[in-house]
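Notebook open, structure loaded. Here is what I looked up, in the order I looked it up.

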Amino acid sequence: MKTALVTGGTGGIGQAICRKLFADGYFVIINYLNSYKKAESLAEKISGKAVRFDVSDLDEVKKIAGQYGKIDLLINNAGISEIDLFTGISNEKSTRIMQTNLCGTLNCSRAFLPAMIRDKSGCIINISSMWGQVGASCEVDYSTTKAGIIGFTKALAKEVAPSGIRVNCVSPGFIMTDMNSKFSTEELSAIKEEIPLGFFGTPEHVADAVSFLASDSAGYITGQILAVNGGMVI
């Protein structure tokens with residue numbers, strides 16, 4: 001049985017990815033930081049393993065990598081956001097966004113890649129955002145990290161392809177999760193009007209894209225950005 005690690009596995013998108021990978025036959029390691037009950041509950045449902053560590057702490061991540069050794073699939077999904085003016089967001093919040101979203105992706109990849117390279121097999125899928133492609137007002141720090149993840153995906157894919165490792169990225173659009181619960185009914189209505197397909201995405205839409213990129217059907221695909229946004233960004 002292949003093993004997958006999903007960072008940020010207790011969020012809306014993270015949980016959907018974990019469930020989908022379990023259905024695909026993976027043993028799933030569910031990373032969490034604060035949501036112990038959610039992680040344990042999900043792990044029980046999918047016969048997986050909940051593991052607490054902070055993706056922004058490279059030493060912690062390396063310790064986990066040493067414990068679990070080779071994994072077949074790494075999903076860098078952990079992320080946080082903050083809506084505020086660029087000049088208004090605190091340095092503490094800005095740093096935390098950078099360390100979690102971008103540095104967390106680099107840390108996990110850096111820790112688990114050596115074993116993949118040694119075995120000349122493995123797959124990494126990074127979760128970005130459409131705001132990493134076009135930028136979002138009042139989410140400048142978040143957009144910056146997600147754009148960085150796209151650049152990271154393309155560069156790393158070139159570097160590790162000779163070792164038989166594929167690196168791709170899923171770029172979700174407006175997905176209905178708890179992260180978007182802050183929007184009012186009027187705001188949601190206005191956003192929906194901007195989506196050509198006319199409806200909001202679900203975490204399962206993102207999970208399906210991850211499942212495809214992890215599968216043998218995507219065996220000749222690397223360094224690509226798969227947009228899941230209903231046509232909002234083309």
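How are H1 and H8 oriented to each other: roughly parallel, roughly antiparallel, roughly perpendicular or oblique? I get oblique, therefore that goes in the book; the classes are under 35 degrees for roughly parallel, over 145 for roughly antiparallel, 65 to 115 for roughly perpendicular, and the rest oblique.

Ground rules first: this is a predicted model, where local features need pLDDT of at least 70 and side-chain atom pairs count only at pLDDT 80 or more, while totals for chains, interfaces and linings use all residues. I number residues from 1 along each chain as its sequence is written, and side-chain values use heavy atoms, with hydrogens and water left out.

Helix pair: I have helix H1 (residues 12–23) packing on helix H8 (residues 203–214) at about 50°, axes 8 Å apart. Axes are lines fitted to C-alpha atoms over the stretch in contact, with angles from 0 to 180 degrees between N-to-C directions. Helices (H or I, at least four residues) and strands (E, at least two) are DSSP runs, numbered from the N terminus.

Cysteines next: I counted zero disulfides, taking a disulfide as a pair of cysteine sulfur atoms within 2.5 Å. For Cys 18, the nearest cysteine sulfur belongs to Cys 108, 13 Å away. Cys 108 has its closest cysteine sulfur in Cys 103, at 11 Å, too far for a bond. I also logged Cys 18 as buried at 0% relative accessibility and Cys 108 as buried at 1%; buried means under 20% relative accessible area (1.4 Å probe, protein chains only).

How values were computed: Buried means under 20% relative accessible area, exposed over 50%, partly exposed in between (1.4 Å probe, protein chains only).
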